[in-house]
Amino acid sequence: MNGVLATYRRELRAYFFSPLAYVVLFFFLVVNGIIFVYLIGQLNDPRSAGGPPLKYFFSASWLMLLLLGPVITMRLVSEELRSGSIEVLMTAPVTEGQVIGGKFLASLTFYGFLWLPTLAYAGMISLYEKVDWGPVLAGYLGILLIGSLFLAVGIFASAMTRSQLLAAMMTAALLFLLFLLGVFEELVNNDVAKKALGYVSIWNHIDEFANGIVDTRRLVYYLSGTLFFLFLASRALEDKKWR
Amino acid sequence: MIEAHDLTRRYGDFTAVSGISFSVNEGEILGMLGPNGAGKTTTIRMITGFLPPTSGQVTVDGKDLFESPREARRQVGYLPENVSLYPEMRVDEYLAYRARLEGLSRTEARSAIPVALERCLITDVRHQIIGTLSKGYRQRVGLATAILHNPRVLVLDEPTVGLDPKQIISIRELIRELGRQHTLLLSTHILPEVELLCDRVVIIDKGLIVAEGTPQSLRERGTGNPAVRVLFKEAPSGAAEALASLPGVVGVKSGGPDGSWILECAPGSDPREEVFRTAASAGWVLLELGRLRGATLEDIFVRLTTADAAAESHAAEAPADRSDQSQEVVS
């Protein structure tokens, strides 16, 4: 547990001591703000179907995670591999799993911190109309689950290479593949394939969450996916020793 | 304290270390010497648990490094060749992080950190950001983290590489100081360092141990007969004959362009007094008189690490040349 905690605190500190955090935070909020303003504009149009604004907000802004995932995680392990600090880290009485776990929790915390300001949107809306908080919370839960899977994928890629650029590119490619599965659902005609693709389509999942549906299948999907990639990451780190 | 048994490490087809066995005894400073690429760092990494050996076994304080890694690693403090710290952290923050990583409790850390800072003489930079420190100071921070959890063994991989001469001297002093309280394994390719610091030396070349012993015993192994260097103000006629006839002297040769003479002596003899008396009675002005150190560790090192079977004949004369150049007067 010491290893997880020590790594967690050091990585969290590293996030907020680097300019990257503030650049990411800035652009994330700008883009989210634009999406939100645009949505409100659309919904105010008398011809629009209407509906809770935050539902549409979640459905749109999760796409940013495709970029956010690689940026947040690319440094985590690659940097240690490149600078050689991995050597003193892995000769301390800690395991690979603890190190990966600590790094993952730190990135998840930072990710959560990025989303924190968007609570203001819900607050603003609640000034004008009654907000149904159930779906909002479910929406945030969906964002958290998708985020943790994406971050786990990113850490795995980061543990594979000492180049941050390569790690970011690998993460982006993997996440894009995952994203495409949802797009293919619309394109295939085979019923079985459609169903299978629908099951892993993040589009569907976030829509469900935003509608307030928390399906245990989704929970299992994201949690097991996260753990799987974290496991792969710690294996990748261990594997570095053998070569 | 550390027992390495039959360690072998291959990278693909390349064997970096093949079947090395040695032990570091409690309280001693063991030097690991070898040319670049000899397998020192690979060996060190296997001993600290960073690299698993292809075959073989390491125990620290009786605990197997790969069966009970936590207990074994806790006994070892490690300073790698390239000290890599997190540049955005402050020195004391970094030490606090390392303390937690080593499993020290909050109170233990609170008392251990000032001690480590003090012993490595970095108390005055403890609030500085590591990225702004000079290489020598970073080396000290690395050492401070190595001793933080009060390990019984310190493993230092080329601790003075890349430092300026002043920093080298102060790091060496620090190492000697640390050697009083810890068992130390020190890898280096710098010979004077070994002679200065180490109780015992292991010489590694091409992944094998080629020699082992105290610096003294290794030196003696390569030493020929003792020799004495004599320099007269003007080379007097008949001096060579007179010197050659002195008891204990077996040969006289010209010592070089400065007009000095080298007297080769029988083992165990010291003709310096006789030389003085001879010179005094003949009225020759004696400017310098001193004993030459025999083979230096450097000669042994060069001989051991360049003695390829193919280059045998060459190697036989090459070290001899070197020893002439590197001979020093040790009055």
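Student: Among the elements of chain A, which helix has the lowest mean pLDDT and which the highest?

Tutor: This is a predicted model, in which local features need pLDDT of at least 70 and side-chain atom pairs count only at pLDDT 80 or more, while totals for chains, interfaces and linings use all residues. Residues are numbered from 1 along each chain as its sequence is written, and chains are lettered from A and ligands numbered from 1 in the order in which they are written. pLDDT is the predictor's confidence in each residue, from 0 to 100, and helices are DSSP runs (H or I, at least four residues) numbered from the N terminus. Here helix α11 (residues 191-200) of chain A has the lowest mean, 84, and helix α7 (residues 96-115) of chain A the highest, 95.

Student: Which residues touch the most other members of the largest nonpolar core?

Tutor: A nonpolar core is a set of buried Ala, Val, Leu, Ile, Met, Phe, Trp, Tyr and Cys residues joined through C-beta atoms within 7 Å, where buried means that 20 or more other C-beta atoms lie within 10 Å of a residue's own, with C-beta atoms placed from the backbone. In this core of 129 residues they are Ile146(A), Ile155(A) and Leu186(B), and helix α9 (residues 133-160) of chain A gives the most to it, with 15 residues.

Student: How many residues does each chain bring to the contact?

Tutor: Two residues are in contact if their C-beta atoms, placed from the backbone, lie within 7 Å. Here chain A and chain B bring 20 residues each, and α1(A) supplies the largest share of chain A's side, seven residues.

Terms used. Buried ≥ 20, exposed ≤ 12 C-beta atoms within 10 Å, placed from the backbone. Helix = DSSP H or I, 4+ residues; strand = E, 2+ residues; numbered from the N terminus.
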